[in-house]
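Please look through the sequence and the three-dimensional structure shown below before reading on. The paragraphs after it are meant for a reader who has not met this structure before.

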Amino acid sequence: MENCIFCKIIKGEIPSKKVLENNKVIAFYDISPKAPVHVLIVPKKHINSLMDVKKKDKDLMGELLTTATGIAQNLGLNSGGYKLVVNNGRGAGQLVFHLHFHLLGGWKKDATGFAV
Ligand code: 5GP
Ligand code: ZN
């Protein structure tokens, strides 16, 4: 979609620090990280938000989820735990209207395992 920043990243028109790419999904580091590790998992198909996901997209949604959990494991986030966040709509803080999962983790822990 024209003027969509993530479509431009997918097309390679804007550079990104990629974590993974296949024919359906791309994942890259967030330019303005909100956690020590902050990766965005993005379908190559332009979908504005979860509000626009159709039944026919269910395989793609599964692909996004398993891609995110796989990246979390590969980046060593499982032991410390992680968040998977999707902002939907302006009111929820969505700024880029191309569906994406935020994978957030890598916090330092205190002796009891809590994030500090
Ligand atoms: P949203 O608020 O829409 O859920 O999240 C959009 C995210 O995209 C933000 O965390 C923001 O930092 C990130 N972002 C915006 N523009 C770019 C960009 O050009 N490159 C990368 N890597 N991340 C971006
Ligand atoms: Zn797009």
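What follows goes from the annotated domain to the metal site, then to an annotated residue and the nonpolar cores.

This is a predicted model, in which local features need pLDDT of at least 70 and side-chain atom pairs count only at pLDDT 80 or more, while totals for chains, interfaces and linings use all residues. Residues are numbered from 1 along each chain as its sequence is written, chains are lettered from A and ligands numbered from 1 in the order in which they are written, and side-chain values use heavy atoms, with hydrogens and water left out.

An unreviewed UniProt entry places the feature "domain: HIT" at residues 5-113, and such annotations may be inferred rather than shown by experiment. Over residues 5-113 the chain is 22% helix and 23% strand, where helices (H or I, at least four residues) and strands (E, at least two) are DSSP runs numbered from the N terminus.

The zinc ion (ligand 2) is coordinated at 2.0 to 2.3 Å by Cys4 (SG), Cys7 (SG), His46 (ND1) and His98 (ND1); donors here are N, O and S atoms within 2.8 Å of the metal (3.2 Å for Na, K and Ca), and water is not among the atoms, so sites may look incomplete. The arrangement is tetrahedral because the 4 donor atoms subtend angles of 102 to 116°, four donors being counted as tetrahedral if all angles lie between 85 and 135 degrees. Cys7 lies in helix α1 (residues 5-11) and His98 in the loop between β4 (82-85) and β5 (101-105), so this pair ties together parts that are 91 residues apart in sequence. Both Cys7 and His98 are buried, that is, under 20% relative accessible area with a 1.4 Å probe and protein chains only.

The loop between β4 and β5 also holds His100, which the unreviewed UniProt entry annotates as "active site". His100 counts as buried because its relative accessibility is 7%, and a polar atom of its side chain lies 2.6 Å from the backbone oxygen of His98.

The largest nonpolar core, a set of buried Ala, Val, Leu, Ile, Met, Phe, Trp, Tyr and Cys residues joined through side-chain atoms within 4.5 Å, has 16 residues, and those with the most contacts inside it are Val39, Ile41, Met61, Leu64 and Leu103. Two or more residues each come from β2 (25-29), β3 (37-43), α2 (58-74) and β5, with α2 giving the most, 6 residues. A second, separate core of 9 residues includes Phe6, Cys7, Leu40 and Val42.

Methods
Tetrahedral: all angles 85-135°; square planar, octahedral: opposite > 155°, others 65-115°. Buried < 20%, exposed > 50% of the residue type's maximum accessible area, 1.4 Å probe, protein only. Polar contact = N/O pair within 3.5 Å; in protein donor to acceptor, adjacent residues only side chain to side chain.
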